[in-house]
Amino acid sequence: MPDSLTTTSQHISQPSTMASTKEPEPSVTGPVPLPFKDADVDDDAVQDPQLKEYKRRASELPSNPTRLRTRLRCYQGTWVLEQWVPGIMAIQRGFAPRQGDVIVASPPKCGTTWLKALTFATMARGVYPPTHAAHPLLRLNPHDCVPFMENLFAAGLGSKMDALPSPRVMATHMHHSVLPASIRANPECKIVYICRDPKDMLVSMWHFARRLRPDVRLLDDMFEPACDGSGLSGPIWNHVLGYWNASKASPETVLFLRYEEMLRDPVGNVKKLAHFVRQPFSPAEEEAGVVTDIVGLCSFEKLKNLEVNMPSSDVREGNFPKDSYFRRGVTRDWANHMTPEMAARLDAVMEEKLRGSGLSFSSLLRDRRP
Ligand code: A3P
């Protein structure tokens, strides 16, 4: 292995090699892809009386129809996929973070898949350099490398996370206010957050919904819930504000990223990410092009065109088609689908809700993050 690929990080101690030479068998250090699919269900665990009780409680919460396959429930002031509510309750009851854990947090359709890939590739680079011919991201969708905690716990698989080596990377769509104190008030557990112009988020969600439900024709159907706060992961302003305020209060624990800025400067943002998770790139790594290799491996074009992310792959019941996570990957696509009136209305709602916070979606390039 070239010396240039060794890093200063305490986590990155595994020898590795460039793709052109013989690949060593990677040893077990985190993060690793899940040794199980998060759609698999532990039948014993779902019989768990506690999980059954959570399901019963979820079924009594206020509900909203959605344009996805399921309905939403309002849990602790946030609108959540019904089947994830028991998972959230289980996380609140018993998730035990470990030193070095990293949580990728986001509202849906804001670049979660991309951030999962970048975080995984950055943190696993000691074992899997981004040019490694057997890199997990070449054969697994990013969602199979970094699990959604709500999904795992709802399927009774939460305890399987205990088996993962540290440092672990996991994800959530939960609002900051809903995270258990074991995460929220834990400086050893880092959160990387990504958000996006809510207009693009909504348009992305609409396309996603139409993949699952071809009868969903009108964006208008999803527009009102977005504006009144009852859409998926809503109120979206509270989602964003929770992490924004937390990042201002504790910048070393919450990194606040924006999709638009990631597109504008992926290399700078990946360096920031690596530094935040305490795995900064060494000058030798930078010299060797490791950062640009990670950006390239996780790029929209690269991931979208992999066999594993093609439309036909993994179409098991309950799974979202893998290709549905890769649509256009650009900013301002909202202009192709929303009327100027709709755009102005959603902008006005966000402006009003974010007023005084220092955060704005109307002036993306002028904003300063904490
Ligand atoms: P569009 O629908 O606007 O194209 P999420 O991962 O949170 O579900 O977000 C999905 C959005 O992120 C989609 O946006 C998708 O195309 C975009 N996306 C997925 N992978 C990406 C990547 N590697 N780079 C940039 N954007 C990506």
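**Close-up views of a predicted protein–ligand model**

**Figure 1. The largest nonpolar core of the predicted model contains 106 residues****.** Cys298 and Met338 are the residues with the most contacts inside this core. Beyond its neighbours within four places in sequence, cysteine 298 is in contact with Trp114, Ala117, Leu118, Ala121, Leu137 and Leu303. The model is a prediction, and local features are described where pLDDT is at least 70.

**Figure 2. Tryptophan 114 is a buried residue** **of helix H4****.** Its relative accessible area is 16%, and residues under 20% are classed as buried. When residues up to four places away in sequence are not counted, tryptophan 114 touches Tyr259, Met262, Leu263 and Cys298. Tryptophan 114 and phenylalanine 300 lie 186 residues apart along the chain, yet their C-alpha atoms are separated by 7.8 Å.

**Figure 3. The ligand is surrounded by 17 residues****.** The closest of these are Thr112, Thr113, Ser204, Tyr259 and Arg328. By class, the surrounding shell comprises seven nonpolar, six polar and four charged residues. Helix H4, which spans residues 112-123, gives the most to this shell, with three residues.

**Figure 4. Polar atoms of lysine 109****, arginine 196** **and phenylalanine 300** **approach the ligand.** A polar side-chain atom of lysine 109 is placed 2.7 Å from an oxygen atom of the ligand. For arginine 196, a polar side-chain atom lies 2.8 Å from a ligand oxygen atom. Phenylalanine 300 takes part through its backbone, with an N or O atom 3.3 Å from a nitrogen atom of the ligand. The ligand has 560 Å² of accessible area on its own, and the protein covers 97% of it.

**Figure 5. Asparagine 186 occupies the loop between helix H8 and strand E6****.** Helix H8 covers residues 181-184, and strand E6 covers residues 190-195. Asparagine 186 counts as buried because its relative accessibility is 18%, below the cut-off of 20%. The side chain of asparagine 186 reaches the backbone nitrogen of glutamate 188 at 2.9 Å. Apart from its neighbours within four places in sequence, asparagine 186 is in contact with Pro97, Ala181 and Thr253.

**Figure 6. Helix H3, residues 85-94, is largely enclosed by the rest of the structure****.** This description applies because seven of the 10 residues of helix H3 are buried. The buried residues are Val85, Pro86, Gly87, Ile88, Met89, Ala90 and Ile91. Among the elements that cover them are helix H2 (49-59) and helix H7 (149-154). Strand E2 (71-75) and strand E3 (78-81) are also included in this cover.

**Figure 7. The protein as a whole, shown as context for the close-up views, has 17 helices and seven strands****.** Of the 370 residues in the protein, 57% are buried. Among contacts with a separation of 6 or more, 74% are accounted for by residues 24 or more positions apart. The protein exposes about 15,800 Å², of which carbon and sulfur atoms supply 52%.

How values were computed: Residues numbered from 1 in each chain as written. Predicted model: local features only at pLDDT ≥ 70, side-chain atom pairs only at ≥ 80, totals over all residues. Heavy atoms only, no water. Near = heavy atom within 4 Å. Polar contact = N/O pair within 3.5 Å; in protein donor to acceptor, adjacent residues only side chain to side chain. Areas by Shrake-Rupley, 256 points an atom, 1.4 Å probe, with all protein chains shown as cover. Helix = DSSP H or I, 4+ residues; strand = E, 2+ residues; numbered from the N terminus. Nonpolar A, V, L, I, M, F, W, Y, C, P; charged D, E, K, R; others polar. Core = buried A, V, L, I, M, F, W, Y, C linked by side-chain atoms within 4.5 Å. Buried < 20%, exposed > 50% of the residue type's maximum accessible area, 1.4 Å probe, protein only. Contact = heavy atoms within 4.5 Å.
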